[in-house]
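Please find below some notes for your reading of this model, set out point by point. It may help to keep the structure open beside the text as you go.

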Amino acid sequence: KNLYNIGPHETRAASFESDDILEKLRYDCQEPNVWPETGNCTFDKVFKETFQAGFEIRRNVGRAFIRSIARAMEYPNLPALFSEDEFSAMGLRKYPIRRKINSNMYSDFDGTLLRELEHIDSTVTVLSTFNNDGLEVLYKNQYRAVPVTGENSFIVNIGKLVDDLIDNKVPSVRHRVAEVDFDRYSITYFLGPQFDADISRSMSGAITQAGLKYKVFGEWIKDYLGAIELFYY
């Protein structure tokens with residue numbers, strides 16, 4: 001798949017020196033966005049404004065989702081974990097038509113040829129599939145097609161890390177993208193807790209799965225990003 005990603009940062013300090021790994025990561029995560037410079041000033045301006053507006057809309061949706069969970073489950077301290085969003089990201093994804101079949105892209109679950117392997121997200125996902133089908137979720141031991149979002153709707157999905165924080169009261173859904181015979185586009189936005197958010201215990205005080213190894217989200221994301229880099233590169 002091809003990606004174009006942006007985050008919440010447009011500027012950062014010129015340089016930073018520290019022997020503290022987490023402080024260095026805190027600085028690195030503020031990497032400013034890089035915008036296209038095509039030579040067409042009108043296109044570049046509209047592209048940037050469109051992406052910035054889309055980012056803000058999705059951030060608001062993600063935070064509203066967290067506030068709704070907090071109200072419904074009487075977890076008033078939950079939104080405070082998301083008051084900053086240093087690691088939030090929005091990506092335009094293009095899944096080109098497959099020219100060759102890779103045997104590793106068949107599902108281990110039922111043998112279906114996939115565009116995106118089966119997985120469970122970690123944080124909060126706000127997804128736009130437009131009119132492109134292919135997304136499937138696992139429900140009652142069977143993968144089922146998810147309706148497309150169209151032009152003006154979103155799919156909001158909660159990930160395993162956030163699920164643990166709310167005592168597993170909202171399920172994190174395993175999902176995938178099945179093979180389709182066209183170039184498939186989508187936009188994903190990921191909202192995670194702030195860098196210093198305590199992820200070691202749930203809202204009820206129970207030790208989370210992440211809490212067996214980590215105290216704050218910054219520690220967790222350091223290892224998570226390293227695993228993603230190894231997987232893809």
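1. Before the first pocket is described, one convention is needed: Ala, Val, Leu, Ile, Met, Phe, Trp, Tyr, Cys and Pro count as nonpolar, Asp, Glu, Lys and Arg count as charged, and the others, Gly among them, count as polar. In this predicted model, the lining of the second largest pocket has, by that grouping, seven nonpolar, six polar and two charged residues.

2. The second largest pocket holds about 260 Å³ of space, and of the 15 residues that line this pocket, those closest to its centre are Thr50, Gly54, Arg58, Phe130 and Ile187. Helix α2, which spans residues 41-73, gives the largest share of the lining, namely six residues.

3. Turning to the strands, you will find an open sheet of four, in the order β3-β8-β5-β6, with antiparallel pairing. Its edge strands are β3 (114-119) and β6 (142-145), each of which pairs on one side only, and the twist from one strand to the next averages 30°.

4. Within that sheet, β3 and strand β8 (residues 175-178) are paired in the antiparallel sense over three bridges, and His119 has His175 in β8 as its bridge partner.

5. Is Asp163 buried or exposed? Asp163, which lies in helix α3 (residues 160-165), counts as buried because its relative accessibility is 5%, and the cut-off for buried is under 20%. Leaving aside residues up to four places away in sequence, Asp163 touches Ile158, Asn168, Lys169, Val170, Pro171 and Ser172.

Notes. Residues are numbered from 1 along each chain as its sequence is written. This is a predicted model: local features need pLDDT of at least 70, side-chain atom pairs count only at pLDDT 80 or more; totals for chains, interfaces and linings use all residues. Side-chain values use heavy atoms; hydrogens and water are left out. On a 1 Å grid over the protein atoms alone, a cavity is a set of points where a 1.4 Å probe fits but cannot get out, and a pocket is an open set with protein on both sides within 12 Å along at least five of seven lines; lining residues have an atom within 4 Å of a point. Grid points are joined across faces, edges and corners, and a volume is the space filled by probe spheres set on the points. Helices (H or I, at least four residues) and strands (E, at least two) are DSSP runs, numbered from the N terminus. Two strands pair if DSSP finds at least two bridges between them. Axes are lines fitted to C-alpha atoms, for helices over the stretch in contact, and angles run from 0 to 180 degrees between N-to-C directions. Buried means under 20% relative accessible area, exposed over 50%, partly exposed in between (1.4 Å probe, protein chains only). Contact means heavy atoms within 4.5 Å.
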